[in-house]
Amino acid sequence: MSATVQIVVDTLFARVKSGAYSFEARLPSERALAAEMRVARNTVREALDVLESRGVIRRRAGSGSFVTWRPGAQPHLSAETVAGETSPLDHLVVRGVLEPEIVRLAVVNMSPRKISDLAGLVTELDATGSDVDAFIALEDRFLMQIAEGTGNALLASCYRLAVDTAAQGAHTELRRRALTPKRIEEARKRYAVLHAAIAARDVAQAVEFVKLNLIEEQALLLQDG
């Protein structure tokens, strides 16, 4: 889904939630919405497809689109759905809740083989150079490897949702803009330090490192904002 489609989805769903488009109300036509939001009709059509797939609206041939979402109901939970409701700061807060515990459990439970695999990802991260997309993909793999190393499938699944959410729409664009060559190099060094702490089975150092890393990322986010 493109960033423009995501914006249309978010705008329309916000109107539904606020009651501007009440239950069973007919939405304006695609043409009218496109003109109002200054986007192409196919962009509006794609956004309506997304809303219909999430149970927010129902489209009737020849009649238009009608609201089926009621207050208190939740659309189908997916990374795309959550991404539309999650700000970058919200995402960082969730990471602050999950990552210290994930790292603590990973230090205790990761097998030597998984720790060795993690070292391989550190090497691959070093080889990405200034390729932002390659770095983001490997960064996500690195973090998920740690989450899976906890041995707790539910915790890993929760973290998977957080990682997948960050990969959606505007989140990805924000990550790309933030990852200057200097910041990529700094991040590579941080992940090498984290791997060393996990390999040494040093719970206190690994957890403290993650907390400091999150504080630094929050400062960068507020600075960029």
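Glu 99 touches Tyr 159, Val 210 and Leu 214, leaving aside residues up to four places away in sequence. If you have this predicted model open, Glu 99 is a friendly place to start looking around. You will find Glu 99 in helix H5, which runs over residues 88-109. Is Glu 99 buried or exposed? Its relative accessibility is 6%, and because buried means under 20%, Glu 99 counts as buried. The side chain of Glu 99 also has a polar partner: a polar contact of 2.6 Å joins it to the side chain of Arg 95.

Now zoom out to the whole chain. The protein chain has 225 residues, and buried residues make up 42% of them. Its secondary structure comes to 11 helices and 2 strands. Following the sequence, you meet these elements in the pattern α-α-α-β-β-α-α-α-α-α-α-α-α. Turn next to the contacts between residues at least 6 apart in sequence: 68% of them join residues at least 24 apart. As for the outside, the accessible surface of the chain comes to about 11700 Å², and carbon and sulfur atoms account for 55% of that surface.

A pair of helices deserves a visit of its own. Helix H6 covers residues 112-126 and helix H10 covers residues 181-199; the two pack with their axes 10 Å apart, at an angle of about 165°. Angles over 145 degrees count as roughly antiparallel, so H6 is roughly antiparallel to H10. Which residues of H6 and H10 make the contact? On the H6 side they are Ile 115, Leu 118, Ala 119, Val 122, Leu 125 and Asp 126. H10 contributes Arg 188, Tyr 191, Ala 192, His 195, Ile 198 and Ala 199. The crossing of H6 and H10 is left-handed.

The last stop is a loop residue. Ala 167 lies in the loop between helix H8 (153-166) and helix H9 (169-178). With a relative accessibility of 38%, Ala 167 falls between the 20% and 50% limits, and therefore counts as partly exposed. Where might you look next from Ala 167? Try Ile 136, which is 31 residues apart from Ala 167 along the chain, while the C-alpha atoms of the two are separated by 8.9 Å.

To retrace the route, you began at Glu 99 in helix H5, passed the packing of H6 and H10, and finished at Ala 167 in the loop between H8 and H9.

How values were computed. Residues numbered from 1 in each chain as written. Predicted model: local features only at pLDDT ≥ 70, side-chain atom pairs only at ≥ 80, totals over all residues. Heavy atoms only, no water. Helix = DSSP H or I, 4+ residues; strand = E, 2+ residues; numbered from the N terminus. Buried < 20%, exposed > 50% of the residue type's maximum accessible area, 1.4 Å probe, protein only. Polar contact = N/O pair within 3.5 Å; in protein donor to acceptor, adjacent residues only side chain to side chain. Contact = heavy atoms within 4.5 Å. Areas by Shrake-Rupley, 256 points an atom, 1.4 Å probe, with all protein chains shown as cover. Axes fitted to C-alpha atoms, helices over the stretch in contact; angles between N-to-C directions. Parallel < 35°, antiparallel > 145°, perpendicular 65-115°, else oblique. Left-handed = near helix turned anticlockwise from the far one by under 90°.
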